[in-house]
Every structure is written in C-alpha cells, then in structure tokens.
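Work through the exercises below with the sequence and the model side by side. Each task is followed by a solution in steps.

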Amino acid sequence: MANYDLIVIGSGPGGYVAAIRAAQLGLKTACVEGRETLGGTCLNIGCIPSKAMLHATHSLHEAEHNFVKMGLKGKSPSVDWDQMKAYKQDVVDQNTKGVEFLLKKNKVDWIKGWASIPEAGKVKVGDEVHEAKNIIIASGSEPSSVPGAEVTIDEKIVVTSTGALDLPKVPKKMVVIGAGVIGLELGSVYKRLGTEVHVIEYLDQITPGMDSDVQKGLLKILKKQGLEFTLGAAVSKVETLKTKAKVTYKLRKDDSEHTVDADVVLVATGRKPYTDGLGLDALGVETSPRGQIKTDAQWRTNVPGVYAIGDAIDGPMLAHKAEDEGMAAAEVIAGKHGHVNYGVIPGVIYTTPEVASVGKTEEQLKEEGVNYKVGKFSFMGNGRAKAVFQGDGFVKLLADKDTDRILGCHIIGPAAGDLIHEICVGMEFGASAEDIALTCHAHPTFSEAVREAALACGDGAIHM
Ligand code: FAD
C-alpha cells in the first residue's frame, strides 16, 4: 500500500497524459491499468493500429493505381496479411512501450491490475488498497451494439473494430453497420485490400454531425472508390451461419425488408463509456442515462476528490479531447487553472482523402441564426494536390459576415488532418478570415488551399 497525491485509473490518452502532467507539477502520482500494456484503446486497439493499416493499404493503392502513371513500372506488390498485421503490432508495441518509458521518466508508478474505488480517497487493485488524495477516472469506452437489433458479437464473423483489426484473413465480402468515422476508416482499409464493402447506415447521410457539404462530398468520393452504401436503413438482425453472416435490414422510406450475406460484419455504431467494476454506484458517483460520468466544468464528479475525463464523460470520443482534459484536470488538482476550449476541438477521418473539421458547421450557423459567409476552394486548383493525384475535395471556411471572425472550417483533401490546425490556432487567437488570407503560405503546399478559401471569404480566391 502506498499514499499518493493522485491515482489515475486508466492509461489511455486521457489517463497517461493526466498522470505525466500531475507528476511534472510535483504530485506523487500512480496510474492503474488493467490491460497488459499501457496506452488504452487509442494505442492498443484504436487510433494507432487503424492508422498503421490505413497507411499500409494506402501504399498498396498507390502502387496499384498511381505508380505506373508516374513511370514506376515493375512487379506490383501482393499482400502478405500476416506481415501487415505484424507491422501494425510493431507500431502498437513501439507506442505502448513509449508510454511506459514516459511514465518511468516522470516517476509515475504503474499499478498493474483492475481498480475499484471502495470509498473516496482509496483505490483497490487486487488485494491492495492505495490511499489517494485525488482520483481521476479515465476508464475510457467500449463498442456499443446496434440499437434495437438482434446481434451477437463473436469477434470472428461479427466483429467490432477490435476484431476487424485482427481478422485471420482478408474477407471477400464485409458489411459495415454504421457510416461513422470508425466504419468508414476500416471499410476503406478492407476495400483497398480487395474486399467488397457494403456500408449500411440508419441515417440518410454518412458521418453524422459533420457539415453537409463534407457528408455529400465524402460519400461521392467513397462511392467512386467502390464502397457500396445503403442509407436510411435500420438493421434488425445479424445471423451467424458457420462461416458467414446474414444481415437483415429495413429501408426506412418504404419499410421494405432486405438481406445481405457477408463473410464478416463490422458493427461500427459508436462507443459507450466503460465504467464496469469501478464501484461507481456504491460510491454514489452520478452518471447520465447514457452511462457517462457527470462532471462540472473542472472535471469534478459529485464525490469530493474524484474526477473523471475522456471517453468516460460527455463530449466527443476523441483521443486529443481526452488528452486535453487529462492535462487540464491535473492542473486543477495541482491548484492551477486547467482549461479546455470545447469550441475548438478538431475531428479527423483518416480516409484518403482525409476529412477534417473544427468549429461550427453551416447547418449549426443557420440554426443559430448567425450571419455568416462561406469561402470555398477546390483542391483541383491546388498544384501540389494535383501532382499527387489528390485533386478531389475542398476547403470550406465559415466566417462571421459582419466581423470576418472564423467560425468553422471543413476540409476534404490531402493532409486535411494537419491543415485544420492552422484554423484551430487561428480560432484560439480570434483570427479573421483576412488574417489567414494575408499570411504568406509556402508554394507549392496543400495549405495554400486553406489560404485560398480565406481569400474566397473576401475579394475572391486567385486560383479558381
Ligand atoms: P481509453 O483509451 O479507452 O483508455 C482507458 C483505459 O482504462 C483502458 O486501457 C482500460 O483498460 C483502462 N481501464 C478501464 N477501467 C479500468 C479499471 N477499472 N482499472 C484499470 N484500468 C482500467 N480518436 C482520435 O482522436 N483519433 C483517431 O484516429 C481515433 N481512431 C480510433 C479508431 C478506433 C478503431 C477506435 C476504437 C477509437 C479511435 N479513437 C480515435 C477514439 C480514441 O481511441 C478514444 O477517444 C480514446 O482512446 C479515449 O481515451 P481515454 O483515455 O478516455 O480512454
């Protein structure tokens, strides 16, 4: 048993970042993790392995489709699936070991095992009870099932993202239930590997909550890449038949029932907070009907000394949101001023082309009655994008019509996930579209498209 200023439960991007920041601020800190390795969902079975698979399969796509165009001839690569998965695991291992190194470097104790909170100020792991002045719950999330449908997930034929990242072989046909970020990213991975991919989505559009120009643009691009979509369809049943599955769905417009067979069904209908085993009910920690731990603006739960962050609480389920909350909560506990600006949290989809978004969508601005203007620029007018076969997509900048202040930005295009940060920084500084338009951007770069969209908010883009 040991006494700590802070014990963090969970070592995902929320938990390990909170622990490191707390230790940097002089708090005696421990981080409890039940998994064998550190890094949480993100490093082990989420962001990192999925990006490795996206990179590998994008490289394959380049070799198959674009190398010859560039005069690169020769035997085209074939897929060694086991080697691709070994590469992915190596990337995961490097990252999880990196977190282990960082915890050691910052003198954070790693307590191995599953934690519960028998009472405020105490964390139980196995038979040991540790004392902690403060506790941060960063226990993350787990996949949710298909609402109102009969589905049994076996992680072999009917899988979540976890199973989809570790299939024994590349399936011939995959049905993806849910056209959100995870479904589209993993659907793209398998499409590039030659799988026939059919995405079934309940809503009438993909990527719920995103700007409608992005929804329409990305749908068109993904269809062009060969993914099949059925929108406005409610899945009612997924039956497993030895080596296959049968998916039954109803089209919402006419109630007609349809079935489709697949070798693998990926259930990608979202995630829900994971708080099992923590003893929250007995402790009296309040949760929402969706299972999210309720907190105030400084991540305090209703139980004194117990904080919560990341996927386990309200807000977008994103690694960088969890990290920011981790840093800020640690600062609050250390007596400093921790802050997260929830109005400037970017969201990225790592398909090719990438999609990135920050701030308000056009639909939100309309709903709020804001007087706004739109500056849009197509990557077709960007020399660098055309050179790398990525002229599809656009930058759409939304600014206040009266003050020119940037309100949001939505990008489909090469390196969109990096380009968006120029706008994030601008928004944090209260920048106007003209500030971006007057900033010299290096040529030839993808970021010139962001500047052109800003110019389009004013007197007009140059290259369009
Ligand atoms: P988690 O990362 O879930 O970590 C929680 C940890 O707590 C886990 O390791 C768990 O074992 C541990 N734990 C839980 N309960 C206990 C307990 N009682 N005792 C001890 N340990 C416990 N987000 C992005 O921003 N970008 C992406 O590209 C991205 N891609 C994703 C791809 C996939 C396939 C998935 C599934 C998710 C992706 N996400 C992405 C989401 C991202 O992974 C999560 O938002 C992020 O991991 C949340 O961090 P967290 O610290 O709150 O929780």
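Two strands pair if DSSP finds at least two bridges between them. The model used throughout is predicted.

**Exercise 1. A hairpin**

Task: Find how many bridges join strand S4 to strand S5, and in which direction the two strands run.

Solution.
- Step 1. Locate S4 at residues 115-119 and S5 at residues 122-125.
- Step 2. Count the bridges: three join the two strands, which run antiparallel. At least two bridges are needed for a pair, so S4 and S5 count as paired.
- Step 3. Check one pair of residues: Glu119 stands opposite Lys122 in S5.
- Step 4. Look at the turn. Two residues lie between the strands of this hairpin, and Gly121 has a positive phi near 90°.

**Exercise 2. A four-stranded sheet**

Task: Give the strand order of the open sheet of four strands and state which strands stand at the edges.

Solution.
- Step 1. The order is S8-S13-S14-S15, and the pairing is mixed.
- Step 2. Strand S8 (150-151) and strand S15 (257-262) each have a single partner strand, so they stand at the edges and one side of each has no neighbour in the sheet.
- Step 3. Take the S8 edge. S8 and strand S13 (residues 233-241) run parallel and are joined by two bridges. Glu150 stands opposite Lys237 in S13.
- Step 4. Move on to the loop between S13 and strand S14 (244-251), where Lys242 is found. Its phi is near 50°, a positive value in a residue other than glycine. Most residues other than glycine have a negative phi.
- Step 5. Lys242 counts as exposed because it has 6 C-beta neighbours inside 10 Å, and the cut-off for exposed is 12 or fewer.

**Exercise 3. Helix H7**

Task: Compare the span of helix H7 with the expected value, then list what its buried residues pack against.

Solution.
- Step 1. H7 covers residues 212-224, which is 13 residues.
- Step 2. From first C-alpha to last the helix reaches 18 Å, close to the 18 Å expected at 1.5 Å a residue.
- Step 3. The buried residues of H7 are Val214, Gln215, Gly217, Leu218, Leu219 and Leu222. In an α-helix, residues three or four places apart point the same way.
- Step 4. These buried residues pack against helix H6 (181-192) and against strands S12 (228-230), S20 (354-359), S22 (394-400) and S23 (406-413).
- Step 5. After H7 comes Gly226, with a positive phi near 105°.

**Exercise 4. Annotated positions in H6**

Task: Are Val181 and Leu184 buried or exposed?

Solution.
- Step 1. Start from the record. An unreviewed UniProt entry lists residues under "binding site", including Val181, Leu184, Glu201 and Gly270.
- Step 2. Val181 is in helix H6, and Leu184 lies in H6 as well.
- Step 3. The cut-off for buried is 20 or more other C-beta atoms within 10 Å. Val181 has 23 such neighbours and therefore counts as buried. Leu184 has 26, so Leu184 counts as buried too.
- Step 4. Leaving aside neighbours within four places in sequence, Leu184 is in contact with Ala179, Ile206, Leu222, Ile349 and Thr351. Leu222 is one of the buried residues of H7.

**Exercise 5. Cis peptide bonds**

Task: Where do Pro353 and Pro444 lie, and what kind of peptide bond precedes each?

Solution.
- Step 1. Most peptide bonds are trans.
- Step 2. Thr352 and Pro353 are joined by a cis peptide bond, with omega about -5°. Pro353 lies in the loop between strand S19 (347-349) and S20.
- Step 3. His443 and Pro444 are also joined by a cis peptide bond, with omega about -5°. Pro444 lies in the loop between helix H13 (433-437) and helix H14 (448-456).

**Exercise 6. The whole chain**

Task: What radius of gyration would a compact globule of 464 residues have, and what does the chain have?

Solution.
- Step 1. The chain holds 14 helices and 23 strands.
- Step 2. A compact globule with 464 residues would have a radius of gyration near 23 Å; the chain has 23 Å, which agrees.
- Step 3. Of the 464 residues, 47% count as buried.
- Step 4. The largest nonpolar core has 135 residues, and Ala18, Ile136, Ile137, Val265 and Leu266 touch the most other members.
- Step 5. Beyond its neighbours within four places in sequence, Ala18 has contacts that include Val8, Ile136, Ile309 and Met327.

Key:
Residues are numbered from 1 along each chain as its sequence is written. This is a predicted model: local features need pLDDT of at least 70, side-chain atom pairs count only at pLDDT 80 or more; totals for chains, interfaces and linings use all residues. A nonpolar core is a set of buried Ala, Val, Leu, Ile, Met, Phe, Trp, Tyr and Cys residues joined through C-beta atoms within 7 Å. Two residues are in contact if their C-beta atoms, placed from the backbone, lie within 7 Å. The radius of gyration is taken over C-alpha atoms; the globule rule is 2.2 Å times the number of residues to the power 0.38. The expected span of a helix is 1.5 Å times one less than its number of residues. UniProt positions are given in the numbering used here, feature names are shortened, and annotations may be inferred rather than shown by experiment.
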